[in-house]
Amino acid sequence: MNIVVTGGAGFLGQRLIHALLQSAASDLLPAHARIVSLDRVACPLADPRLLSRVGDVADSALLDELIDTETALVFHLAAVVSGQAEADFDLGMRVNLDATRALLEACRQRARAPKLVFASSLAVFGGELPERVGEDQATMPQSSYGAQKAIGELLVAEYSRKGFIDGRICRLPTISVRPGAPNAAASSFASGIIREPLMGLPSNCPVPLDTRLWLSSPERVIANLLHAARLDAAALGAQRTLNLPGISVTVEQMLDSLERLAGEQARALVTHQHDPRVAAIVCSWPSDFDLQRATALGFQGDVDFDAVVAAHQRYLEANAAR
């Protein structure tokens with residue numbers, strides 16, 4: 001049995017692979033199984049059960065090689081992030097859409113349909129939205145990234161309906177707090193306005209303080225992706241799309257949490273220079289969801305944003321002690 005993780009060298013991919021290698025995930029990764037990471041660079045994790053392959057996620061020949069008769073589970077995390085997909089339409093279409101289709105085709109060739117967990121996004125929504133988005137809310141993306149993810153969702157649902165895969169579509173909230181350097185995502189500031197001040201560095205908020213976001217910590221996103229992989233197909237039925245839990249919080253409330261846990265000096269490091277390009281994308285996203293179905297299926301969210309900030313403080317302390 002093998003597990004394939006596309007984007008395995010990325011922020012989420014590394015955390016997911018690390019979680020799979022822990023004993024708590026032995027039901028997903030038995031002793032004889034291995035994980036195959038596919039990314040543009042090698043996955044830095046070291047474990048005899050991990051095979052890191054460097055290559056193009058849209059390379060159908062490579063995918064046919066990696067998705068073999070032993071592949072039982074695929075996590076498709078590889079993507080060009082929102083801001084980059086908006087700036088480079090061709091790149092976004094190739095990585096976010098063409099690669100997804102190529103991956104599904106590779107899975108289709110297997111005699112036994114593998115489980116596939118597809119990381120989608122709340123960016124599939126847009127337009128006039130209710131205060132709380134329900135399960136039947138139509139998608140209307142307002143960005144290239146959102147459109148590419150929405151098309152990917154339809155493909156995963158169709159390949160599941162045909163029995164080619166056993167798909168689960170996980171619409172991820174905006175993840176905060178991401179460690180490391182800022183990236184090209186339109187939502188990058190949602191981590192930056194917490195991460196940088198906690199390290200004594202300045203950060204800019206490009207959207208109004210009353211902008212409400214749907215957020216999840218990295219730890220909770222990983223736990224929910226693993227939970228999605230464990231779910232029986234019968235529990236999902238024909239509806240393969242899952243709005244993962246998050247917390248609804250304004251930017252000002254995020255900064256209030258920062259101040260409570262790190263002091264006024266940390267909050268003072270955040271400037272407010274408006275960026276209409278970023279705001280146009282971020283403010284088109286929903287900020288709250290009806291979680292009845294997700295909760296009934298066993299998915300869980302963070303307690304509050306104070307807990308998210310505290311978790312990142314512990315992360316920084318642990319890394320400083322190494």
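T6 of strand β1 stands opposite H76 in strand β4, and that pairing is a handy way into this predicted model. From there, the briefing follows β1 and its partner strands, then moves to helix α6, the nonpolar cores, H312 and the salt bridges.

**Strand β1 and its partners**

- Strand β1 covers residues 2-6, and because five of its five residues are buried, the rest of the structure largely encloses it.
- In a regular strand, side chains alternate between the two faces of the sheet.
- For β1, N2, V4 and T6 sit on one side while I3 and V5 sit on the other, and both faces are covered, with all of these residues buried.
- β1 and β4 (residues 71-76) run parallel and are joined by five bridges.
- β1 also runs parallel to strand β2 (residues 34-39), again with five bridges joining the two.
- In that second pairing, V4 stands opposite V36 of β2.
- The connection between these two strands brings in helix α1 (residues 11-21): β1, α1 and β2 together make a right-handed β-α-β unit.

**Helix α6**

- How many residues of helix α6 (residues 189-198) are buried? Ten of its ten residues are, so to speak, under cover, and the helix is described as mostly covered.
- The buried set includes charged residues R195 and E196 as well as nonpolar ones such as F189, I193, I194 and L198.
- Just after α6, G200 takes a positive phi of about 80°.

**Nonpolar cores**

- The largest nonpolar core has 64 residues, and L116, I194 and M254 are those with the most contacts inside it.
- Helix α4 (residues 89-108) gives the most to this core, contributing eight residues.
- Setting aside residues up to four places away in sequence, I194 touches V177, M254, L258, F305 and V309.
- Another core, of 37 residues, lies apart from the largest one; A19, C170, L226 and L244 are among its members.

**H312 in helix α13**

- H312 is placed in helix α13, which spans residues 305-320.
- Is H312 buried or exposed? With a relative accessibility of 4%, H312 counts as buried.
- Neighbours within four places in sequence aside, H312 is in contact with V177, R178, P179, R195 and L198.
- Two of those names, R195 and L198, are also on the list of buried residues of α6.

**Salt bridges**

- The count of salt bridges in the model comes to 15.
- Within α6, the side chains of R195 and E196 meet in a salt bridge at 2.7 Å, N to O, and both residues are buried.
- E105 and R108 form another salt bridge, at 3.2 Å from N to O.
- These two residues lie three residues apart in helix α4, about one turn of the helix.
- R108 counts as partly exposed because its relative accessibility is 39%.
- In helix α5 (residues 144-161), the side chains of R161 and E158 meet in a salt bridge at 2.9 Å, N to O, and since they are three residues apart, about one helical turn separates them.
- An α-helix has 3.6 residues a turn, so residues three or four places apart point the same way.
- R161 counts as exposed at 61% relative accessibility, whereas E158, at 34%, counts as partly exposed.
- D166, R168 and R240 are linked in a network of salt bridges.

Note on methods:
Residues numbered from 1 in each chain as written. Predicted model: local features only at pLDDT ≥ 70, side-chain atom pairs only at ≥ 80, totals over all residues. Heavy atoms only, no water. Buried < 20%, exposed > 50% of the residue type's maximum accessible area, 1.4 Å probe, protein only. Helix = DSSP H or I, 4+ residues; strand = E, 2+ residues; numbered from the N terminus. Core = buried A, V, L, I, M, F, W, Y, C linked by side-chain atoms within 4.5 Å. Contact = heavy atoms within 4.5 Å. Pairing = 2+ DSSP bridges. Right-handed = clockwise from strand over helix to strand, strands pointing away. Salt bridge = Lys/Arg side-chain N within 4 Å of Asp/Glu carboxyl O.
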